[in-house]
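Notebook open, one chain to go through today. I'll put down what I looked up, in the order I got to it.

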Amino acid sequence: MEVVIVPDAAAGGELVAEAMAQLLGRRPDALLGVATGSTPLPVYEALAAKVRSGAVDASRARIAQLDEYVGLPADHPESYRSVLRREVLEPLGIGMDGFLGPDGTAEDVRAACAAYDRTLAEAGGVDLQLLGIGTDGHIGFNEPCSSLASRTRIKTLTQQTRADNARFFDGDVDQVPHHVITQGIGTILEARHLVLLATGEGKADAVAATVEGPVAAVCPASALQLHPHATVVVDEPAAAKLK
Ligand code: F6R
């Protein structure tokens, strides 16, 4: 595992965007796995700036979703499909035909999860998976004590995570779905390159457990230690508890 410490979130965004730009230079139809949430926004903004300036052509890139709410219609503004369309696909000039994601409205959610794992494999696998991290060490929505071998599956959100996400639903926790589909940790580990970005002092304990703690299900992100090509990009506040 490589750990890169950058001064601030903007520098982290630029560094990860540059890694994506180089990948797209080598492989224009690369499959990029993307996370939602606040942390990756500087990455998407920096990559979109490279597209606007003509430095990068992302039009043939493909985008794979990490997780999705269960039961929110795909066109709901806070479905992760909608969020990624707004924050990633449109700014990068990628059409929805380049988008891979699980069906959060499927009647048979378990079948939809298995189908998504197959879709990722049939697409050739994720080339670069960008991850954020929860304050409790979760990646995707694999909360603490998720199996490190888990596949894409339905999970129940903790009350804490629902409360954290209420900010996207007019501050009303009751509007936050109870269930999500998330790529499993085993699924995530199949990506060829994992890039975890963590910024802000609130992530310092989780980063220390991820990088220096034991590989353990209590800190799902610690599974990155098992991956042959994992890069952890942290700003100085998030690195504060590294030895
Ligand atoms: C979202 C996701 C989550 C977030 C994590 C951190 O797709 O996979 O694991 O990355 O909850 O969220 P932020 O970046 O908002 O602190």
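Which handedness does the β-α-β unit of β2, helix α2 and β3 have? I looked it up, and the unit is right-handed. Helix α2 covers residues 41–53. Note to self before going on: this is a predicted model.

**Entry: the strands of that unit**

I checked how β2 and β3 meet. Strand β2 runs over residues 31–34 and strand β3 over residues 62–65, and the two pair in the parallel sense over 4 bridges. For a register mark I picked Leu32, whose bridge partner in β3 is Ile63.

Then I followed Ile63 across to the other neighbour. Ile63 stands opposite Phe99 in β5. Strand β5 is short on paper, residues 99–100, and its parallel pairing with β3 comes to 2 bridges. That gives me a row to click through in the viewer: Leu32 with Ile63, then Ile63 with Phe99.

**Entry: the whole sheet**

Next I wanted the strand order. I get 7 strands in an open sheet, β1-β10-β9-β6-β2-β3-β5, with parallel pairing. Which strands are at the edges? They are β1 (2–6) and β5, each of which pairs on one side only.

On another stretch of the order I looked at β9 and β10. Strand β9 (residues 193–198) pairs with strand β10 (residues 230–235) in the parallel sense, over 5 bridges. The register mark I kept here is Val195, which has Thr231 as its bridge partner in β10.

**Entry: around the ligand**

How many residues are around the ligand, and which come nearest? I count 13 in the shell, and the nearest are Thr36, Gly37, Ser38, Thr39 and Gly132. I also sorted the shell by class: 8 residues are polar, 4 are nonpolar and 1 is charged.

**Entry: the protein overall**

Zooming out, I tallied 7 helices and 10 strands for the protein. The radius of gyration is 17 Å, close to the 18 Å that the globule rule gives for 243 residues, so I wrote the protein down as being as compact as a globular protein of that length. Along the principal axes, the C-alpha atoms fill a box of roughly 45 × 40 × 35 Å.

Two last look-ups. Of the 243 residues, 44% count as buried. For contacts with a separation of 6 or more, 79% come from residues 24 or more positions apart.

Definitions and conventions. Residues numbered from 1 in each chain as written. Predicted model: local features only at pLDDT ≥ 70, side-chain atom pairs only at ≥ 80, totals over all residues. Pairing = 2+ DSSP bridges. Right-handed = clockwise from strand over helix to strand, strands pointing away. Near = placed C-beta within 6 Å. Nonpolar A, V, L, I, M, F, W, Y, C, P; charged D, E, K, R; others polar. Rg over C-alpha atoms; globule rule 2.2 N^0.38 Å. Buried ≥ 20, exposed ≤ 12 C-beta atoms within 10 Å, placed from the backbone. Contact = placed C-beta atoms within 7 Å.
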